[in-house]
Amino acid sequence: MLNLSRVTLTYPDGENGTLTALDSVDLSVPAGQMLALVGPSGSGKSSLLAVAGALITPTAGTVHVGRTEITGASRAERARLRLEHIGVVFQQPQLMPSLTALEQLQLVGVLRGSRPRTLRDAAREALAAVGMSAAAARRPHQLSGGQRQRVNIARALMGTPSVLLVDEPTSALDHQRSGEVMDLLRDLTRSRSMATVVVTHDLEFVPVADRVVTLRDGRLAEHATV
Ligand SMILES: Nc1ncnc2c1ncn2[C@@H]1O[C@H](COP(=O)(O)OP(=O)(O)OP(=O)(O)O)[C@@H](O)[C@H]1O
Ligand SMILES: [Mg+2]
């Protein structure tokens, strides 16, 4: 479960000014729900993900991941929370050029201090979950854009997160691959009982989500139906 309560985020802007990126946002995403987050450029979508992912501490308000209140957590606690409970998928797959798909995933486990053996099994399982078992030994340049995005998603699953945050996963993909990635995200959300937030510009794929909210100038509005 992910919960944001009265979250406000301001950035310094110019000499003495501030820019309000998030304005008293209330949002609750239960386990097993995929939420689509839409809104114009600059409306605060990536900022919301950064706050939900414990990457930025908001100016005001609270964020809960499960029972843990992340805004009050120490730096070290937040780092551990990110490794163990939160999966983040950025727009551009940030994969290491020299590592195979399997190794990209294992690297995350090394950061968490897992044993190599457990790690290999977990990495194979995550690749299987995104339909990429056959490509385990390939490096990024040997993968298509859609396949790279799948590896990127698999890597985010390595900590078996309860919260999955995905920023514009389909912007570099063609129509068919985009639909496949959105379907995959929804299936993973259900099968792994994650609270998932997917930022998307692609209104066509919004119906794949269970629910849709819009951000406009940092303010959140709920839609009655998808
Ligand atoms: N680190 C920062 N410092 C100052 N201002 C920032 C920073 N990051 C974002 N902003 C500003 O905050 C507002 C929200 O930005 P954000 O990146 O969250 O928007 P977005 O909805 O993700 O946009 P896009 O669809 O273009 O990715 C924008 O006005 C942006 O310029
Ligand atoms: Mg953005």
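Reader: By class, how many nonpolar, polar and charged residues does the shell around ligand 1 have?

Author: Keep in mind that this is a predicted model. Ligand 1 is surrounded by Tyr11, Leu19, Ala21, Gly39, Ser41, Gly42, Ser43, Gly44, Lys45, Ser46 and Ser47. Tyr11, Leu19 and Ala21 go with the nonpolar group, Lys45 is charged, and glycines and serines count as polar. So sorting them by class gives three nonpolar, seven polar and one charged.

Reader: Which element supplies the largest share of the shell around ligand 1?

Author: Two elements each supply at least two residues of that shell: strand β2, spanning 17-29, and helix α1, spanning 45-52. The largest share is three residues, and the element they come from is α1.

Reader: Is Ile153 buried or exposed?

Author: Look for Ile153 in helix α5, which covers residues 145-156. To count as buried, a residue needs 20 or more other C-beta atoms within 10 Å of its own. Ile153 has 23 C-beta neighbours inside 10 Å, so the verdict is buried.

Reader: Which residues does Ile153 touch, not counting those up to four places away in sequence?

Author: Contact here means C-beta atoms within 7 Å. Ser47, from the ligand 1 shell, doesn't make the list: its C-alpha atom is separated from that of Ile153 by 20 Å. The residues Ile153 touches are Val89, Val130 and Leu184.

Reader: Which strands are the edge strands of the open sheet?

Author: Six strands form this sheet, with mixed pairing, in the order β6-β7-β8-β3-β9-β10. An edge strand pairs on one side only, and that fits the two ends of the order: β6 (86-89) and β10 (219-222).

Reader: What is the bridge partner of Leu37 in β9?

Author: Strands of a sheet pair through backbone hydrogen bonds, either parallel or antiparallel. Here β3 (residues 34-38) and β9 (residues 211-216) run parallel, and four bridges join them. Across in β9, the partner of Leu37 is Val213.

Reader: At about what angle does α5 run to β6?

Author: Helix α5, the one that holds Ile153, lies across β6 and β7 (163-167). Angles here go from 0 to 180 degrees between N-to-C directions. For α5 and β6, the value is about 165°.

Reader: What radius of gyration does the protein have, and how does that fit a compact globule?

Author: The protein's C-alpha atoms fill a box of roughly 50 × 40 × 35 Å along the principal axes. With 226 residues, a compact globule would come out near 17 Å, and the protein agrees, because its own radius of gyration is 17 Å.

How values were computed:
Residues numbered from 1 in each chain as written. Chains lettered and ligands numbered in written order. Predicted model: local features only at pLDDT ≥ 70, side-chain atom pairs only at ≥ 80, totals over all residues. Near = placed C-beta within 6 Å. Buried ≥ 20, exposed ≤ 12 C-beta atoms within 10 Å, placed from the backbone. Contact = placed C-beta atoms within 7 Å. Rg over C-alpha atoms; globule rule 2.2 N^0.38 Å. Pairing = 2+ DSSP bridges.
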